[in-house]
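Visitor: I am new to this structure. Please take me on a close look at the ligand and its surroundings.

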Amino acid sequence: MSRLESHIRRCQAQCACIERAAELMSELPGPVLELGLGNGRTYSHIREHLPDREIYVFDRQIAAHPDCIPDDDHIFLGEITETLPWAVERFAGTIPLVHVDLGPEVIREIAAQIPSLLCPGGIAATQAEAETEGLVSLELPEGVAPGRYFLYRAD
Ligand SMILES: C[S@@+](CC[C@H](N)C(=O)[O-])C[C@H]1O[C@@H](n2cnc3c(N)ncnc32)[C@H](O)[C@@H]1O
């Protein structure tokens with residue numbers, strides 16, 4: 001598979017998993033967290049599928065498309081290892097969806113904090129494996145190869 005094809009499949013997997021996650025949590029109240037704003041592409045996709053949700057974003061820097069930068073009250077700026085504990089304190093057990101688009105090592109480092117953020121039945125969609133106590137792995141949407149993206153539900 002060419003690098004271009006691999007990139008396209010990763011983007012398709014991201015779209016499909018965000019859409020599945022949005023369906024799964026649609027009846028659960030509360031704001032959504034986007035860990036890794038980057039260019040804002042996945043933020044924009046979440047916003048399209050959950051237009052009425054408050055979305056808080058996290059990144060060490062803001063370098064997104066201007067259309068994809070929320071107001072200052074919805075930005076956690078800084079190293080995720082420092083900002084996430086504040087978020088856990090503020091949102092503990094109330095988040096219906098967290099999307100994590102960070103590197104695999106960072107995801108491994110923060111995985112144990114994800115269940116503390118989620119409400120019962122809340123969903124985590126992650127770019128790399130985030131196996132941890134309190135998260136149950138969910139089936140991926142059709143067409144998404146195992147290991148390309150990850151979906152979890154709070155236990
Ligand atoms: C793959 S990009 C996110 C892409 C984005 N979701 C999009 O669709 O445009 C990862 C982002 O995570 C941020 N990031 C990576 N490690 C981080 C860390 N330890 N703390 C805070 N932000 C981090 C990077 O600055 C980068 O913007």
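Guide: Start with the backbone. In this predicted model, a polar backbone atom of Asn39 lies 3.0 Å from an oxygen atom of the ligand. Gly40 also offers a polar backbone atom, 3.1 Å from an oxygen atom of the ligand. Thr42 uses its side chain instead: an N or O atom there is 2.8 Å from a nitrogen atom of the ligand. Now consider cover. The ligand taken alone exposes 600 Å². Of that area, the protein buries 80%.

Next, the site itself. The ligand takes up the space of the second largest pocket. Around the ligand stand 16 residues. Those that come nearest are Gly36, Thr42, Asp59, Ile80 and Asp101. Thr42 is thus a name you have met already, through its side-chain contact at 2.8 Å. By type, the shell divides into 6 charged, 6 polar and 4 nonpolar residues.

Stay with Asp101, one of the nearest residues to the ligand. Asp101 also forms a salt bridge with Arg10. Their closest N and O atoms are 3.1 Å apart. Asp101 sits in the loop between strand S4 (95-100) and helix H4 (104-110), while Arg10 belongs to helix H1 (residues 3-24), so the pair ties together parts that are 91 residues apart in sequence. The structure holds 2 salt bridges, and the Asp101 and Arg10 pair is one of the salt bridges.

How values were computed
Residues numbered from 1 in each chain as written. Predicted model: local features only at pLDDT ≥ 70, side-chain atom pairs only at ≥ 80, totals over all residues. Heavy atoms only, no water. Near = heavy atom within 4 Å. Polar contact = N/O pair within 3.5 Å; in protein donor to acceptor, adjacent residues only side chain to side chain. Areas by Shrake-Rupley, 256 points an atom, 1.4 Å probe, with all protein chains shown as cover. 1 Å grid on protein atoms, 1.4 Å probe; cavity = no way out; pocket = protein on both sides within 12 Å on 5 of 7 lines; lining within 4 Å. Sits in = over half its atoms within 2 Å of the grid points. Nonpolar A, V, L, I, M, F, W, Y, C, P; charged D, E, K, R; others polar. Salt bridge = Lys/Arg side-chain N within 4 Å of Asp/Glu carboxyl O. Helix = DSSP H or I, 4+ residues; strand = E, 2+ residues; numbered from the N terminus.
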